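This briefing goes through a protein model topic by topic. Please keep the sequence and the 3D view open while reading.

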Amino acid sequence: MDQASRALLDMGQAPELYRYAPEELLPLHLEAADAVVAERRQQVPILDRRAREAGIDRISRKSDLVPLLFPHSTYKSYPTSFVEKKRWKDLARWLTTLSSDDATTVDFDGVTDEDEWVDRLRENGHFVIATSGTTGKCSFLRHSTEDRARKADAFARQLGWPFARADGSRSYFWLGPHIGVNSAMDAATLGASLWSTPDNAFFLTDERLRLTDISRLAAMRRRMADGVATPGEIAAFEKQQQARSQALYPGIDAFIDRLLDRRNEKLSISGTWAQHLLVRDRARERGIPDGAFHPESIVSAGGGIKNVALPEDYQEQVARFYGDVVRTGTYGMTEMFQLMNRCEKLRYHLPPGLLPLVLDQAGETLLNTEDVTGEVVVGRFAFVDFAITGRWSGTITSDRVEFDTGAHCLCGRPGPTILDTITRYRTDDDTIGCAGTIDGYIRGALAS
C-alpha cells in the first residue's frame with residue numbers, strides 16, 4: 001500500500017473520526033489516487049486500457065478519476081452461461097480481469113454451485129464477497145486477506161458512532177441468517193464479534209443463505225412478472241416457498257421471545273423493516289407495550305422492502321415500538337469497506353480514507369469539483385476506497401445523493417456531508433455511460 005493511502009487510513013484511527021477539513025484531505029486524496037491508479041494499472045489490464053484510451057497519465061485533480069471509474073454493474077458482467085454450465089474456471093478468469101491477483105490458479109474440481117465456488121476461492125486467499133442477487137444475478141468482488149483485516153478494523157472504529165462504541169457489552173440480535181458469502185452475512189458476523197460475545201450473539205437461523213436459492217427465487221419472480229412462467233412452474237415454486245417458510249417459522253417465535261425477554265438489557269438489534277415489524281407483532285401478542293426497551297439499546301433498521309407489502313408508515317411504526325432507544329445510521333454498500341456514519345443532525349460523514357465523487361446521472365461529469373464549495377450538489381454517488389487493494393475500488397453506484405459541499409455540518413464537525421435523502425435511480429434511469437465500454441473490454445479479455 002502506498003504511503004498516502006496508509007496516512008489517510010491512519011487518520012481514521014483518531015478518536016474523533018471526522019475532524020479533518022476537506023482542504024487538509026484533498027492533497028492526500030490526490031496523491032493516494034495517483035499512486036493507487038498507477039499500481040492498479042499494472043495489475044488490472046482493463047483499467048490500464050481505459051486510462052490509455054482516456055489519455056489519463058496522472059491524477060492531478062478529482063475529475064481525472066471519472067473516466068477510470070467502474071460502474072457497479074461491472075461486477076456482475078460475467079456471462080450467465082459460466083454459472084449455468086458450471087464453468088468455474090472461466091468464471092475465475094472473469095474475476096481475474098477485475099482483480100489485482102490471479103484467481104485462475106485455484107483448483108475448482110468438485111465445485112457444484114456459486115456458493116462452493118466462492119468457498120473454494122476463499123480457501124485459497126481470495127476473499128470474495130457477493131451481493132444478494134435479488135435481481136437474479138450476483139455481483140462478485142475480490143478482496144485480499146489484508147483487505148479483510150482492514151474492513152474489520154474499519155467496522156471496529158465506526159460501528160455505533162457517534163452515540164456508542166462497539167465494545168462487546170451488549171447482547172446482539174441479528175434478525176436474519178448469518179451464514180453465507182454475501183455482504184449481509186459478512187456484516188452480521190462482524191457486528192456480532194464487535195457488539196457482543198459469542199455467548200450473547202443470536203441469529204434468526206443457522207441455515208446457510210445460499211446464492212443459488214436467491215438467484216432461483218429472483219429468476220422465478222421475474223418470469224412471473226413477465227407472464228412467461230407456466231401454471232405448473234408457479235405451483236411448484238409456491239409449494240417450495242411454503243415448505244421453506246414452514247421449516248423456518250417454528251424458530252422465529254422462540255428467537256423473538258428471547259429478544260423480548262432481554263428487552264430490559266442493553267441490546268444491539270439489526271434487521272430489515274419487515275423483520276422489526278415481526279418483533280413488534282410478537283410483542284403485542286405477549287402484551288408488551290411500545291417503548292419497553294432499555295434506552296441504551298441500539299436499533300438498526302433498513303432495507304428488505306423489495307417485493308414485501310408494508311404499511312405506508314412502517315418506519316414510524318417501528319420507531320414507536322422501540323421508543324426512546326439509540327438509533328445509529330450508516331451509509332455503505334458491498335463495493336465499499338469504510339462506512340459513512342450519520343451524525344446527530346442526520347448527515348452522513350465521510351472517513352478520511354474515502355474519496356467521494358458526485359457525478360451527473362450519466363456518470364460522465366464530476367459535480368463536486370475542487371472549486372465547488374458551500375452548495376448542495378445532487379447526482380450519482382461514486383467513490384474511491386483507499387482501504388481496498390484486491391481490486392480497483394473506483395466505483396460508480398446506482399445511488400442518487402444530495403451532497404453538501406459546505407465547510408461544516410450542522411453538527412459542527414467539518415464537511416462535506418451527505419443528506420439523509422439517499423435514493424436509487426430507477427432501473428430504467430440507471431444507465432451509466434461508460435458501462436458498455438467497460439463490459440466490452442471484459443468480453444475482449446475473456447475472448448483472448
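**Backbone exceptions**

Leu 346 has a relative accessible area of 46%, so the residue counts as partly exposed. The model is a predicted one. The points below start with the backbone at Leu 346 and at a few other sites, then take up the domains, the nonpolar cores, two helix pairs and one arginine.

Positive phi
- Leu 346 is not a glycine, yet its phi is positive, at about 60°.
- The loop that holds Leu 346 runs between strand 9 (340-341) and strand 10 (347-349).
- Lys 86, also not a glycine, has a positive phi of about 55°.
- Lys 86 sits in the loop between helix 4 (81-84) and helix 5 (88-96).
- With a relative accessibility of 46%, Lys 86 is partly exposed, because the partly exposed class lies between the 20% limit for buried and the 50% limit for exposed.

Cis peptide bonds
- Trp 161 and Pro 162 are joined by a cis peptide bond, with omega near 0°.
- Pro 162 is placed in the loop between helix 7 (145-158) and strand 4 (171-177).
- The bond from Gly 415 to Pro 416 is cis, with omega near 0°.
- Pro 416 belongs to the loop between strand 13 (395-404) and strand 14 (417-419).

**Domains**

- Two domains are assigned: domain 1 covers 1-43 + 339-422, and domain 2 covers 158-329 + 432-443.
- The centres of domain 1 and domain 2, taken over C-alpha atoms, are 28 Å apart.
- Domain 1 gives 18 residues to the contact between them, and domain 2 gives 11 residues.

**Nonpolar cores**

- In soluble globular proteins, nonpolar side chains tend to be buried together.
- The largest nonpolar core here has 58 residues, and the members that touch the most others are Leu 65, Trp 94, Trp 117, Phe 140 and Trp 392.
- Helix 2 (residues 22-43) supplies the largest share of this core, with six residues.
- Both domain 1 and domain 2 contribute to this core, with at least three residues from each.
- A second core, separate from that one, has 24 residues, including Leu 175, Leu 259, Phe 293 and Tyr 322.
- What does Trp 392 touch, not counting residues up to four places away in sequence? The list is Val 36, Val 37, Arg 40, Leu 47, Leu 65, Leu 68, Leu 69, Phe 70, Tyr 75, Leu 98 and Val 384.
- Leu 65 thus appears both among the core members that touch the most others and among the contacts of Trp 392.

**Helix 5 and helix 6**

- Seven of the nine residues of helix 5 are buried, and the helix is mostly covered.
- The buried residues of helix 5 are Trp 88, Asp 90, Leu 91, Ala 92, Trp 94, Leu 95 and Thr 96.
- Helix 5 and helix 6 (residues 114-123) cross at roughly 60°, and their axes come within 11 Å.
- Helix 5 is therefore oblique to helix 6, because an angle of 65 degrees or above would be needed for roughly perpendicular and one under 35 degrees for roughly parallel.
- The two helices, helix 5 and helix 6, make a right-handed crossing.
- From helix 5, Trp 88, Leu 91, Ala 92 and Leu 95 meet Glu 114, Trp 117 and Leu 121 of helix 6.

**Helix 7 and helix 8**

- The axes of helix 7 and helix 8 (residues 183-195) lie 10 Å apart, at an angle of about 55°.
- Helix 7 and helix 8 are therefore oblique to each other.
- Their crossing is right-handed.
- On the helix 7 side, the contact is made by Arg 148, Lys 151, Ala 152, Phe 155 and Ala 156.
- On the helix 8 side, it is made by Asp 186, Ala 187, Thr 189, Leu 190 and Leu 194.

**Arg 150**

- Arg 150 is part of helix 7.
- Is Arg 150 buried or partly exposed? Its relative accessible area is 21%, so Arg 150 is partly exposed.
- Beyond neighbours within four places in sequence, Arg 150 is in contact with Met 1, Leu 9, Ser 144, Ala 387 and Thr 389.
- From Arg 150 to Arg 258 the separation is 108 residues in sequence and 33 Å in space, C-alpha to C-alpha.

How values were computed
Residues are numbered from 1 along each chain as its sequence is written. This is a predicted model: local features need pLDDT of at least 70, side-chain atom pairs count only at pLDDT 80 or more; totals for chains, interfaces and linings use all residues. Side-chain values use heavy atoms; hydrogens and water are left out. A nonpolar core is a set of buried Ala, Val, Leu, Ile, Met, Phe, Trp, Tyr and Cys residues joined through side-chain atoms within 4.5 Å. Buried means under 20% relative accessible area, exposed over 50%, partly exposed in between (1.4 Å probe, protein chains only). Helices (H or I, at least four residues) and strands (E, at least two) are DSSP runs, numbered from the N terminus. Domain bounds come from an automatic or database domain assignment. Contact means heavy atoms within 4.5 Å. Axes are lines fitted to C-alpha atoms, for helices over the stretch in contact, and angles run from 0 to 180 degrees between N-to-C directions. Angles under 35 degrees count as roughly parallel, over 145 as roughly antiparallel, 65 to 115 as roughly perpendicular and the rest as oblique. A crossing is left-handed if the near helix is turned anticlockwise from the far one by less than a right angle, and right-handed if clockwise.
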